[in-house]
Each structure stands twice: as C-alpha cells, then as structure tokens.
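Student: I would like to look closely at one aromatic side chain and its surroundings, and then to follow the contacts outward from there. Please take me through them carefully, with the cut-offs behind each term.

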Amino acid sequence: ITFPQGTTQQQSQDNDVVVFSLPDQAKAYIPIVSNSEENQETFLDIEDDILGQGGKKVGQSVVQVGDRTAQVNLYGMDGNALSQMTGQEFTKNLMYAIVMVLYPNTNLMTIIILPKDAYKNAQPWILEMIKGVAFQ
C-alpha cells in the first residue's frame, strides 16, 4: 500500500487491526483477515454496523487498481456514534466520512475515517492510496 507523506503507524489495542495516522486528521484501519471470504464477510459486517448505528451510505464506486478493481463505499457518520461503534476517540458532534475499500478476491480491505470537512481536500491522496496497492 502506498501511504501519503506524513503517515505513521499507531499502536492498536486490537491485534486484528493495523492502524495508521494520515494527513487531514485521517486514520486508516486495515483488518487482518486470513482469506478473501473472511474479508468479504468482515466488509459486510462493518457496513451493517455503520448503517445499524446511525451511519448513512452516501456513495459507491469501482476503482481500477492495476489489473484488478476495488469496491469503494462512502459513508457519513457522527463522531458520537463512531466512538461508540469503534471504541476509539472521535470528536463529538462532528460528522465524519468513512471510506471503505474492498479489494475483491484478496484478503485486503482498508477503512479510512476522517472529518467530513477534510474529505474534499483529502480526495487526491485517498485515491492515490486506493490505487497504490501492489498485490503479490
């Protein structure tokens, strides 16, 4: 994965997730899964959690990544609900954008969470990050 400049890996309380701090007050979460079926299931479970706890799906697209595609879903969610859902600290009464990226038939998924107001500015590096994945 090609991360934007200024990215740092963070300590995670959860051994099943790798967490990175990104520009624009964003965080990236990469769940550790063993196969593509588990990855697809985890993706759908997280989407159910977001929608079940007050989040809204605001967009969906497919991005070409080399000879593969990535499914990109965009959600909006309030910081209070996000904190409750994730157990992480998010600003109360602030809307967040959640970008969920599934690379079908792989064990890779990325979740980027950032303040909604920073999303427009962050779009170029988010797209670069989505496209900057090399599969082995």
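Which residue lies over the face of Phe135, and at what distance from the ring centre?

Tutor: Arg68 lies over the face of Phe135, at 4.4 Å from the ring centre; the criterion is NZ of Lys or CZ of Arg within 6 Å of the centre and within 35 degrees of the ring normal. This is a predicted model, in which local features need pLDDT of at least 70 and side-chain atom pairs pLDDT 80 or more, whereas totals for chains, interfaces and linings use all residues. Residues are numbered from 1 along each chain as its sequence is written, and side-chain values use heavy atoms, without hydrogens or water.

Phe135 counts as partly exposed because its relative accessibility is 29% (buried is under 20%, exposed over 50%, partly exposed in between, with a 1.4 Å probe and protein chains only).

The ring of Phe135 is also part of an aromatic pair. In the whole structure, a search finds three such pairs (Phe, Tyr or six-membered Trp rings with centres within 6.5 Å; planes under 30 degrees apart are stacked, over 60 edge-to-face, the rest tilted). One of them joins Phe90 and Tyr96 edge-to-face, at 5.1 Å centre to centre and with 80 degrees between the planes, and both Phe90 and Tyr96 are buried. Tyr103 and Phe135 form an edge-to-face pair because their ring planes stand at 65 degrees, with the centres 5.6 Å apart. This pair links distant parts of the chain, 32 residues apart: Tyr103 is in the loop between strand S6 (95–102) and strand S7 (109–115), while Phe135 is in the segment after helix H3 (116–131). Helices (H or I, at least four residues) and strands (E, at least two) are DSSP runs, numbered from the N terminus.

Tyr103, the partner of Phe135, has a relative accessibility of 2% and therefore counts as buried. From Tyr103 the view leads on to a cavity, since Tyr103 is one of the residues that line the largest cavity, together with Ile1, Val101, Thr110, Ile112, Met129, Ile130 and Val133. S7 and H3 are the elements that give two or more residues to this lining, which divides into seven nonpolar residues, one polar and no charged. The volume of the largest cavity is about 40 Å³, and a search of the whole structure finds one cavity of 30 Å³ or more. On a 1 Å grid over the protein atoms alone, a cavity is a set of points where a 1.4 Å probe fits but cannot get out, a pocket is an open set with protein on both sides within 12 Å along at least five of seven lines, and lining residues have an atom within 4 Å of a point.

The loop that holds Tyr103 deserves a further remark. Asn105 is found in the loop between S6 and S7, and its phi is near 65 degrees, a positive value in a residue other than glycine. Asn105 counts as exposed because its relative accessibility is 69%. Asp24 likewise has a positive phi, of about 60 degrees, although it is not a glycine; Asp24 sits in the turn of a hairpin formed by S2 and S3, with three residues between the strands. With a relative accessibility of 23%, Asp24 counts as partly exposed, because that value falls between the limits. S2 (residues 17–22) is joined to S1 (residues 8–10) by three bridges, in antiparallel fashion, and pairs with S3 (residues 26–31) in the antiparallel sense over six bridges, where pairing requires at least two DSSP bridges. Val19 of S2 is the bridge partner of Gln10, and Ile30 of S3 is that of Val18.

These strands lead to the largest pocket, whose volume is about 460 Å³. Of its 21 lining residues, Asp14, Val17, Tyr29, Ile46 and Thr86 lie nearest the centre. Asp14 is found in the loop between S1 and S2 and is partly exposed because its relative accessible area is 37%; its C-alpha atom is separated by 9.5 Å from that of Pro31, 17 residues apart along the chain. S2, S3, helix H1 (36–52), helix H2 (79–86) and S7 each supply at least two residues of the pocket lining, and H1 gives the most, with five residues. By type, this lining holds twelve nonpolar, five polar and four charged residues (Asp, Glu, Lys and Arg are charged; Ala, Val, Leu, Ile, Met, Phe, Trp, Tyr, Cys and Pro nonpolar; the others polar). Volumes here are the space filled by probe spheres set on grid points, joined across faces, edges and corners.
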